[in-house]
Amino acid sequence: MNKRYQIVILMMLIAVLFIAVACSNETEQALKDKPEQENNNTVENIVITGVESGEESISIKEIKDMEAVTKEMESISSSGEINNNKVKGVLLEKILNQHGTSQKNYGGIRFIAGDGYSIVIPKEVLQLRDIVLAYEIDDEELDKKSLPLRVTVPDERAMYWVRNLAKIELIEEEILTMDKIFFLETAIDPLNHEDYTYYESKDMAVKGMEIIENYSENKDYKGMYFKAIDGLEKKEDLEVFKDGYVKVTGKDTPLFLSPELPKGMHIKDILWFSHGNTGYFSIESGFKAFDKKEIEENSGIYLKEIIKETDFQKKNKYLCKASDGYEVEISDEDIDKGYIYARNKGGYTLAFEGLQKNTKIKNILSIESIK
Ligand SMILES: Nc1nc2c(c(=O)[nH]1)N[C@H]1C(S)=C(S)[C@@H](COP(=O)(O)O)O[C@H]1N2
Ligand SMILES: [Mo]
């Protein structure tokens, strides 16, 4: 072998070594779900933000000195089981009344636990339910994980029963109607995909921030809303979403999750979510949630089902855009003829039953209501 060949082979070996090292680094750095966090049992005061004075703090002792209530209540577990509990504690409403306000005044209230868990109780639940900050359940002191208080909400899902309560955020109501929908599969395609290790599987995920920065119209709008295929509804804070990921390959997708969040905050099998006036709809989830129909030799779902499901703002005209910039304007009369199907070659098409071929939009990215 001559010298030149030896040098070439040596360089190739170095390159292979370099790639191998880079790859192993990458797998090491790949996002991974952390085991459940320890709870923080040092909570002595509950902080309440969003009150007129800005922020208040109430000690656990003060809460225990208030008038107690005892209530029998049911909760619904994530698998649909009903649990019966006798809870003793103080009504949230009593505490809020002391600060000159009521749970009915808010668009939502976020309960934040010492262990990193948090959840927004939405307006509809606040209007309807007596929320008790409990320090005894079934005539017993709380278990260690729940101390010092557990939020209890009758006849609602256990996800609202926040253990280890540390902070309460009162959220002002802000209403925006959704008038633009992005189709998630097309929308995320050009975004940066990161490796995400989910249990035993190596999947891909897109950072929440990327989605918001690229598509949301009101980027600072605080509240997000999620709806899953099974009907689960959930509100989440913009910041929590931006720091998290949407897993787009493998099990339970689209799945909202983050290595920093307790598993109870993950949202599996998302059908759609909204951020202010901007919605994001998963076509693949739509295929599971709605009946697929044979339409013009394709198997798809009607756009009107998506519009109905998402409570999309109806106007006189709709602008439909493809990922390559192709646009079609559709009248309110024709919009119900729209249907979406997966192309054999990949990607999704929006077509209109009985309309001309040029209204067919390959790689459908978005639809918006216009005047
Ligand atoms: N602090 C804290 N509270 C929490 C959670 C959590 O991870 N941390 N998980 C929630 C979820 S998702 C559910 S379903 C219930 C589970 O309650 P259980 O263990 O009493 O069944 O607690 C809720 N409260
Ligand atoms: Mo849960």
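1. In which strand is Lys 234 found? In this predicted model, Lys 234 belongs to strand S17, which covers residues 233-237. The residue deserves a careful look, since Lys 234 is buried and yet has no salt bridge, the nearest side chain of opposite charge being that of Glu 236, 4.1 Å away. A salt bridge is counted when a side-chain nitrogen of Lys or Arg is within 4 Å of a carboxyl oxygen of Asp or Glu, and the 4.1 Å given for Glu 236 should be read with that cut-off in mind.

2. Leaving aside residues up to four places away in sequence, Lys 234 touches Ile 119, Met 159, Met 224, Tyr 225, Phe 226, Gly 264, Met 265 and Ile 267.

3. Turning to the charged pairs, a search of the whole structure finds 17 salt bridges. One of the pairs to inspect joins Asp 203 and Lys 247, with the closest N and O atoms 2.8 Å apart. This pair links distant parts of the chain, as Asp 203 sits in strand S15 (residues 201-207) and Lys 247 in strand S18 (residues 245-247), 44 residues apart. Both Asp 203 and Lys 247 are buried.

4. The surroundings of Asp 203 can be followed through the sheet, which is open, has 5 strands in the order S1-S14-S15-S18-S19, and shows mixed pairing. Its edge strands, each of which pairs on one side only, are S1 (31-32) and S19 (255-257). Strand S14 (residues 193-198) runs antiparallel to S15 and is joined to S15 by 6 bridges, and Tyr 196 stands opposite Asp 203. Helix H6 (residues 208-215) lies across S15 and S18, and runs at about 35 degrees to S15.

5. A salt bridge in another setting is that between the side chains of Asp 65 and Lys 61, at 2.9 Å from N to O. Both residues lie in helix H2 (residues 60-65), where they are 4 residues apart, or about one turn of the helix, and both Asp 65 and Lys 61 are exposed.

6. Lys 317 also forms a salt bridge, its partner being Glu 329, and here the closest N and O atoms are 3.4 Å apart. Because Lys 317 lies in strand S24 (residues 317-322) and Glu 329 in strand S25 (residues 327-331), the pair ties together parts that are 12 residues apart in sequence. Lys 317 is partly exposed, at a relative accessible area of 35%, and Glu 329 likewise counts as partly exposed, at 47% relative accessibility.

7. Finally, Lys 180, Lys 321 and Glu 368 are linked in a network of salt bridges.

Conventions:
Residues numbered from 1 in each chain as written. Chains lettered and ligands numbered in written order. Predicted model: local features only at pLDDT ≥ 70, side-chain atom pairs only at ≥ 80, totals over all residues. Heavy atoms only, no water. Helix = DSSP H or I, 4+ residues; strand = E, 2+ residues; numbered from the N terminus. Buried < 20%, exposed > 50% of the residue type's maximum accessible area, 1.4 Å probe, protein only. Lys, Arg positive; Asp, Glu negative; His and termini not counted. Contact = heavy atoms within 4.5 Å. Pairing = 2+ DSSP bridges. Axes fitted to C-alpha atoms, helices over the stretch in contact; angles between N-to-C directions.
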